[in-house]
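Colleague: I would like to learn how to read a model of this kind, feature by feature. Could we go through it together, with the general idea placed before the particular case?

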Amino acid sequence: MTDAVQEHDALVIGGGPAGLMAAEALLAEGRRVLLAEAKPSVARKFLMAGKSGLNLARIENRAATLAAYGGAADRLRPMLDALGPEDVRGWAEALGQDTFTGSTGRLFPTAMKASPLLRAWLTRLDAAGLDRRTRWRWTRWQDGFVFDTPEGAVRVLPRVAVLALGGASWARLGSDGAWADRLRRADVDVAPFAPANAGIRVNWSAPMRQHFGAPLKNVGFRAGGIASRGEAVISARGLEGGGVYPLSPALRASAPLVLDLMPDVDADAVAARLARPRGKRSLGNHIRRVLNLPPQVQALLTEFARPLPDDPQALAALVKALPVSHAGLRPLDEAISTAGGVSWAALDEGLMLADHPGVFCAGEMINWEAPTGGYLLNACLATGLWAGRHAARWGNS
């Protein structure tokens, strides 16, 4: 059976934030845009992330923002200059969504969810002429882009295309990484996927069960050269939450995980407290009385350092640098985001595939990673804008 053939001015594959921003950039340059999304609706991962408070960006100094992107910072720099945190604020407010900045610099819509922002964005895109097709799954890249659609196989021949296919986590929401083999067959260098912003697997002893669900609010986390003071939760599966997610790059590289159970008190002060007269109290009760650790935090000390030493200096050293035995990161599909993807070497400065003129990439499908807290979404939007603008100009040349 012969594929139906459609010629289009510009094609965007992927309806997440990067794809929608690429489409908007193309439309702004006067291009006619077909957006193809495999799922029944667009931006599903975006909506899921926004259910508990949509973190749009991080308002802070430029050096701190760039540092969050690690080794990809130099390549992302011009894109983040073009759409930085303050620009994201302006973009959201132009869509009628008021914003506020939290105490840590995180930028949120006042509505604290993604759905009003997405509705306003899609209304604006539709008014600009965006042709949205859902349940269009890209299956082949041969003599054009071939899709399985509700109407059958369709081969699209665009003048220019932007791929915004996401990473390889949360497959049920659309980011399944299935595109990677397709690009490799087209001689595009794609780095293997790995979990980023992932929980840590811990095989707890039975006494820890009573602490499942308990928060860790004043604990420092360290692995390799990365340190974090965000919150985490003790779960049946291990440690989850914003405090541990930034450590993913170091933990993937097998760096040891260390906890500081009293990050605001130095080791000498901890030792001095522990050296107070103990009387007939057990060591556990003594620790509880002089250090005032929450039960779940003291349980971590016992879990990973038993038998606890009686010497105050040795015990203080463990309180300040508790080594945590773990079984690595949670599986790829459970991670918030992924490392790996299209290598920077395969892309030119405009995010076009060097060996495939007219085909650009954007978003999480490129090999970069960043911690949660606004950095992920900001870079997805910024790379989408960058790829869309360069695609529009390439196609007009």
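Modeller: Let us start from a single side chain in this predicted model. Leaving aside its neighbours within four places in sequence, tyrosine 69 is in contact with Leu76, Leu80, Trp368, Glu369, Ala370, Tyr375, Asn378 and Ala379.

Colleague: Which residues have the most contacts inside the largest nonpolar core, and which helix gives the most to this core?

Modeller: The general idea is that, in soluble globular proteins, nonpolar side chains tend to be buried together. Here the largest nonpolar core has 87 residues, and those with the most contacts inside it are Tyr69, Leu163, Val342 and Trp368. Helix α13, which spans residues 375–396, gives the most to this core, with twelve residues. Another core, of 45 residues, lies apart from it and has Val219, Ala232, Leu251 and Leu301 among its members.

Colleague: How should one read the buried residues of helix α5, and where do they lie around the axis?

Modeller: An α-helix has 3.6 residues a turn, so residues three or four places apart point the same way. In helix α5 (residues 85–94) the buried residues are Pro85, Val88, Arg89, Trp91 and Ala92. Because they cover an arc of only 165° around the axis, they are on the same side of α5. After α5 comes glycine 96, whose phi is positive, near 80°.

Colleague: Into which domains is the protein chain divided, and what area is buried between domain 1 and domain 2?

Modeller: The size of an interface is often given as the accessible area lost when the parts come together. In this chain, domain 1 takes in 4–195 + 333–393, while domain 2 covers 200–329, and their centres, taken over C-alpha atoms, are separated by 38 Å. Eight residues from domain 1 and seven residues from domain 2 take part in the contact. The area buried between domain 1 and domain 2 is about 520 Å², with carbon and sulfur atoms giving 57% of it.

Colleague: What does the UniProt annotation say about residues 195–337?

Modeller: The unreviewed UniProt entry annotates residues 195–337 as "domain: RsdA/BaiN/AoA(So)-like insert". Over residues 195–337 the model is 29% helix and 20% strand, and the end C-alpha atoms are 7 Å apart.

Colleague: Is glycine 225 buried or exposed?

Modeller: Glycine 225 is in the loop between β13 (220–223) and β14 (226–228), and its relative accessible area of 86% makes glycine 225 exposed. Glycine 225 and leucine 247 are 22 residues apart in sequence, with 9.0 Å from C-alpha to C-alpha in space.

Conventions. Residues are numbered from 1 along each chain as its sequence is written. This is a predicted model: local features need pLDDT of at least 70, side-chain atom pairs count only at pLDDT 80 or more; totals for chains, interfaces and linings use all residues. Side-chain values use heavy atoms; hydrogens and water are left out. A nonpolar core is a set of buried Ala, Val, Leu, Ile, Met, Phe, Trp, Tyr and Cys residues joined through side-chain atoms within 4.5 Å. Buried means under 20% relative accessible area, exposed over 50%, partly exposed in between (1.4 Å probe, protein chains only). Helices (H or I, at least four residues) and strands (E, at least two) are DSSP runs, numbered from the N terminus. Contact means heavy atoms within 4.5 Å. The arc is that of the directions from the helix axis to the C-beta atoms. UniProt positions are given in the numbering used here, feature names are shortened, and annotations may be inferred rather than shown by experiment. Domain bounds come from an automatic or database domain assignment. Buried area is the accessible area (1.4 Å probe) that two parts lose on being put together, summed over both.
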